[in-house]
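Notebook open, structure loaded. I want to go through the strands, the cores and the aromatic rings, and jot down what I find.

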Amino acid sequence: MKNFMHLIVFAALCAVLATQPQPVLAQQSATATNHIEATTQPLSPPVAGIADTTGTASATMPDASPQGPGELYFSFISSAYFMEKQWGQGMAIEGIKRIADVAHAHGVPVTWLVNAKSAQAAKDLFTQYHQAYGDEVGLILTPSAAESEPWGGESFYMRRKLSRDQILKWAQDEIASIKTSLPWAEITMGGGGHRSKAMIQVFEKLGLKAVWGHCWEQTYTDGISDRGAPWGFYHANTEAYKTPNTKPGGLVAVEWTARDLNLAFRTGKPETFSTDPDDVRRGNITNHRDITYWKALVDQYRRNARYNAMVPLMVHQEAHEMECSATICVNKEDVISNDADMLDELFKYVKESEIKIVPAARAVDAYRKFNQATPPTYALFKNLAPSFKEMNPGLYEDVAGNREIFVYYDKNGQLFFDSGTVGPSFVRTYMGATDAQMEDAEVPGIEYPPVPAVSEQVMPGRFIYQVTVDSPEKMPYGIALWGDFEGCAFVSQGLPGQKVLPGALAFSPVILQEGANAFQLILECKGPQWEWE
C-alpha cells in the first residue's frame, strides 16, 4: 500500500501526531471512514500544507510563495486636504513634499485625496507630480471644525446631520473646483473616514467608481467603526455600505490602509497591526529602518494572490502627519523622520519584490475588470509575532500563541477559521443587512457559531464528507478541510465559492437554515499522488 496525503485524523491520534511538522501521511485501505468529533478546538496538529506546525511566520524566513494566477496590487494613498481642524490650520505643503520625496524615489505614484482648497493651494505641486511620476488625485469630503464641532464631531455631522442633497451639492462643488485648479484630474474615487448611505448614493450618481475609507475591524478609533466590513476591496451595497452588494456592480469600497488579518482580528487592535506608520510605531513593532513586521505582512498579502484574481494592498499616510510647522504640527520632527524611514524601507521592499505598483484608481480598475460583483475572497494569514519578538518581547508573548487563520468573505458574510478547525470560529452575516445596522459599532456577528459533525470516506482519488450542523438561525457558514488537496476539485453541488487552496485546504461555503442541516461534499483528485493499490 502506498502512502498518500490525508486531511483529517482521528481525535485519538492527535497526541501521537502532534510532533509531526508536515502534513500527515496516513495509510488507508481501498476505502476507509473516519469520524471527526464535533469540537470547537482545532485538530492537533493542523494537517495543512503550511510552512510550520504553529501557523506562525518566521522572523528570518519570509513567505515568498509564488503569486500564482492572481497578482498583488500595491497603492499608496495620502490625505492631503486643507486643514481646518482643531489639530491644525492651513495646507501641509512640507508634509506633501516629504511624502512625495520618499515615494517617488522608489517609483511609487501617490494618490492624493484633496478638497477644493488643497487642490488650489498645491496645484503646482500636484501638477508637477502628475506629469513626472503619474500621481493622481481623488476627492475627500471632510468638514471644518467649525462645521462639525457644534454637532459633536465629524461622525455625527457626516452621517446624520447632512442630507443626501447637501452632500450632493458639496461633492459637485468640490469636484468642479478641483478640476478648475487641476484640469488634468480625473476624479474617480471619493471618500473619507465617515461614510454613509447618502454618500454612497451621491458618489454613484456622480459616476465615481470607488469610495475610500473603510477600516477593517476598527471600532470607535477616530470616531470610525467599520468592524465586520470585508478587508481589501468589495462592491459596496448602497443600502448597507459596510457590506457587499447583493447584485453585480456598485462602487468599489477601498480600504483606508491594509491590516494584519490575523492579529488585528484576534487582538481587537487593528490600528496597531496595520500598515499605518504612526500606529505600528506607537505599538513598537516597527521602528525607523527595522520593518521586519511590515515585510512579513506584505509577504502574507502576496501569498494570497495565489488564491484570488487580484489582491489589493493599500497603504495610507496623512500629509499633515508628516509636517511640523507653525500652524500644523501633529507629529514632532523625530516622529516624522521615523515614519519617513519606515515608508522608505517599505517602498524599497515592495519594489524589490516586483509587486505591481499602481495608483489606487488603476487598482480599482483591475478589480472591476476581474470582478463584476464581489467575488468569493480567500486569505490565509500566519501569526506574524516572530517578526517583532526582539523589538517588543512583551507583546510577542501576549500574541505568540495564536494560530494561522483563514478568512473568507462573499456577499453573504465573512467567516474566520482557526488553523485545523473544520467549522468557523466566528461568523459575520451580511444577509438582510440594513442601513440602520451600519450606524452600529459593528456588522452583526455570531461569536459562537454551531460546530459541525463530519464523517469522511476515503477511496482512491476520492474523498466523501458527510456533514451535519444544527443551527439556531439562518446564517452564512463554511467547511474548511485542512490539508494539501492539490490536484483535487469539488464535484458535489457546485456551490459558488468552493475552492481548493493548494498546500493549505479545501473550502466549501454553505448557507445554513435554522434547525438541522445535512449535506455532502465530494472531492475528486487526479495525479500520481492520489493513486494507490
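Before I look up bridge partners, a note to self: two strands pair if DSSP finds at least two bridges between them. Also to keep in mind: this is a predicted model.

**Confidence first.** I checked how far to trust the coordinates. The mean pLDDT is 86 for the protein, with 85% of residues at 70 or more. The weak part I noted is residues 1-54, where pLDDT stays under 50. The model still has 122 contacts beyond four places in sequence for that stretch. Residues 58-68 are also below 50, and I found 19 contacts there beyond near neighbours in sequence.

**Strand S11.** Which strands does S11 pair with? One partner is S13 (residues 252-255), antiparallel, over three bridges. Here His235 has Val252 in S13 as its bridge partner. The other is S12 (residues 240-244), also antiparallel, joined to S11 by two bridges. On that side I matched Asn237 with Ala240 of S12. S11 and S12 make a hairpin, with two residues between them. Is S11 enclosed or open? Five of its five residues are buried, so S11 is largely enclosed by the rest of the structure.

**Cores.** Next I looked up the nonpolar packing. The largest nonpolar core holds 120 residues, and those with the most contacts inside it include Phe74, Ile96, Trp112 and Phe388. Helix H12 (residues 333-352) supplies the largest share of this core, eight residues. There is a second, separate core of 38 residues, and Tyr477, Trp482, Phe490 and Leu523 are among them. I picked Ile96 to see what surrounds it. Leaving out residues up to four places away in sequence, Ile96 touches eight residues I can list: Ala80, Met91, Trp112, Ala122, Leu125, Phe126, Tyr129 and Ala319. General reminder: in soluble globular proteins, nonpolar side chains tend to be buried together.

**Aromatic rings.** I got 25 aromatic pairs for the structure. Trp231 and Tyr409 are edge-to-face, 6.1 Å centre to centre with 90 degrees between the planes. Why does this pair tie together parts distant in sequence? Trp231 sits in the loop between S10 (210-214) and S11 (233-237), while Tyr409 is in S17 (residues 405-410), so the linked parts are 178 residues apart in sequence. Trp231 is buried at 2% relative accessible area, and Tyr409 is buried at 2% as well.

Phe485 and Trp530 came next. Their ring centres are 6.4 Å apart and their planes at 10 degrees, so I log the pair as stacked. Phe485 is in the loop between S23 (475-482) and S24 (488-490), and Trp530 is in the segment after S27 (515-525), 45 residues away in sequence. Both residues are buried. I also noted one aromatic cluster made of Tyr378, Phe406, Tyr408, Phe417 and Phe507.

**Two single residues.** Asn304 lies in helix H11 (residues 292-304). Is Asn304 buried or exposed? Asn304 is buried, at 2% relative accessible area. Beyond four places in sequence, Asn304 touches Val311, Tyr378, Ala379, Leu380 and Phe381. Tyr378 is also a member of the aromatic cluster above.

Last one: Gly527, in the segment after S27. With 22% relative accessibility, Gly527 counts as partly exposed, because the cut-off for buried is under 20%. Gly527 and Gly461 are 66 residues apart in sequence, and their C-alpha atoms are 8.3 Å apart in space.

Technical notes: Residues numbered from 1 in each chain as written. Predicted model: local features only at pLDDT ≥ 70, side-chain atom pairs only at ≥ 80, totals over all residues. Heavy atoms only, no water. Core = buried A, V, L, I, M, F, W, Y, C linked by side-chain atoms within 4.5 Å. Buried < 20%, exposed > 50% of the residue type's maximum accessible area, 1.4 Å probe, protein only. Helix = DSSP H or I, 4+ residues; strand = E, 2+ residues; numbered from the N terminus. Contact = heavy atoms within 4.5 Å. Phe/Tyr/Trp six-rings, centres within 6.5 Å; stacked < 30°, edge-to-face > 60°. pLDDT = per-residue confidence, 0-100.
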